[in-house]
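Thanks for coming, everyone. Please have a look at the chain on the screen, and then I will walk you through it.

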Amino acid sequence: MGEIRAFLAVDLDDDLKPKINKLIKEFKQINTKIKYVELANLHLTLKFFGDIDTNGLKLLEDAISRTVSEFKPFSIKIQGCGAFPNNSHIKVIWVGIEDDTILKQLHDKLDNEFAELGFDKDKKFSTHLTIGRMKSAKNKAQVKNTIEEFETIEIGEMEVDRISLKKSTLTPAGPIYEDIKIFEL
């Protein structure tokens, strides 16, 4: 059947997107090059698979189903703003996740299942929502100041009651995400 670029994610609740959009607007006031994530595409990545053979999708779906059956819906708190790798060397601007113990447990169980299927285990897992990627060092000090100004911003809480296996198609205008399968907790 071929290959698809795939990842596993928690989609952001729609009612939290306006607050994140207000934060993005703060960064847009700075004269710099940041590629922002479209609001419709905001998600928390649980696992990035890269290019996978579609013949193996059933194995992947079965592993996800087995794992999510052990979890009930849970809440996370979306709060804080920061940068990877750090505020002095900004490549990615993110919004953080608090109260993420169960989310990390879900990730770790999934990661173990995926390792048994031959995927590399994640070296580091950080619960965050990427909101933008720095494309230039122009006015980096202003970007750093804005990150620090909003480092404790409270976006809100949401219930995680499903995760989505997604296909990512890269286009010049940006990625297009499509749900392959949704798994209810």
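**A walk through the chain**

Start with one residue: Lys 19 is partly exposed, at 45% relative accessibility. Here is the scale: buried means under 20% relative accessible area, exposed means over 50%, and partly exposed is in between (1.4 Å probe, protein chains only). Those areas come from the Shrake-Rupley method with a 1.4 Å probe, and for residues only the protein chains shown count as cover.

Before I go on, a word on the source: this is a predicted model, where local features need pLDDT of at least 70, side-chain atom pairs count only at pLDDT 80 or more, and totals for chains, interfaces and linings use all residues. Residues are numbered from 1 along each chain as its sequence is written, and side-chain values use heavy atoms, with hydrogens and water left out.

Now the overall picture. The chain has 4 helices and 9 strands. Both are DSSP runs, numbered from the N terminus: helices are H or I with at least four residues, strands are E with at least two. In sequence order the pattern reads β-α-β-β-α-β-β-α-β-α-β-β-β.

How does the radius of gyration fit a compact globule? For 185 residues, such a globule would have a radius near 16 Å; the chain has 17 Å, which agrees. That radius is taken over C-alpha atoms, and the globule rule is 2.2 Å times the number of residues to the power 0.38. The C-alpha atoms fill a box of roughly 45 × 35 × 30 Å along the principal axes. Of the 185 residues, 44% are buried.

Back to Lys 19. It sits in helix H1, residues 17-28. On the surface, Lys 19 gathers with Lys 22, Lys 25 and Lys 28 in a patch of positive charge. Patch residues have over 30% relative accessible area and no salt bridge; like charges are joined within 9 Å, and nonpolar side chains (Val, Leu, Ile, Met, Phe, Trp, Tyr) within 5 Å. Glu 26 is also found in helix H1. Glu 26 is partly exposed, at 31%. Its C-alpha atom is 20 Å from that of Asp 14, and the two residues are 12 apart along the chain.

Next, salt bridges. One is counted when a side-chain nitrogen of Lys or Arg is within 4 Å of a carboxyl oxygen of Asp or Glu. How many are there by this rule? The count is 12.

Take three of them. In one, Glu 113 meets Arg 66 at 2.7 Å, N to O. Glu 113 is in helix H3 (residues 101-116) and Arg 66 is in helix H2 (residues 57-68), so this pair ties together parts 47 residues apart in sequence. Arg 66 is partly exposed, at 44%.

Another joins Glu 148 and Lys 144 at 4.0 Å, N to O. Both are in helix H4 (residues 140-149), 4 residues apart, which means about one helical turn between them. Glu 148 is partly exposed at 34%, and Lys 144 is partly exposed at 27%.

Last comes Asp 179 with Lys 166, at 2.6 Å, N to O. Asp 179 lies in strand E9 (residues 176-184) and Lys 166 in strand E8 (residues 162-169), so the pair links parts 13 residues apart in sequence. Is each partner buried or partly exposed? Asp 179 is partly exposed, at 41%. Lys 166 is buried, at 7%. Through shared partners, salt bridges join Asp 11, Lys 166 and Asp 179 into one network.

Key: Lys, Arg positive; Asp, Glu negative; His and termini not counted. Charge placed at Lys NZ, Arg CZ, Asp CG, Glu CD.
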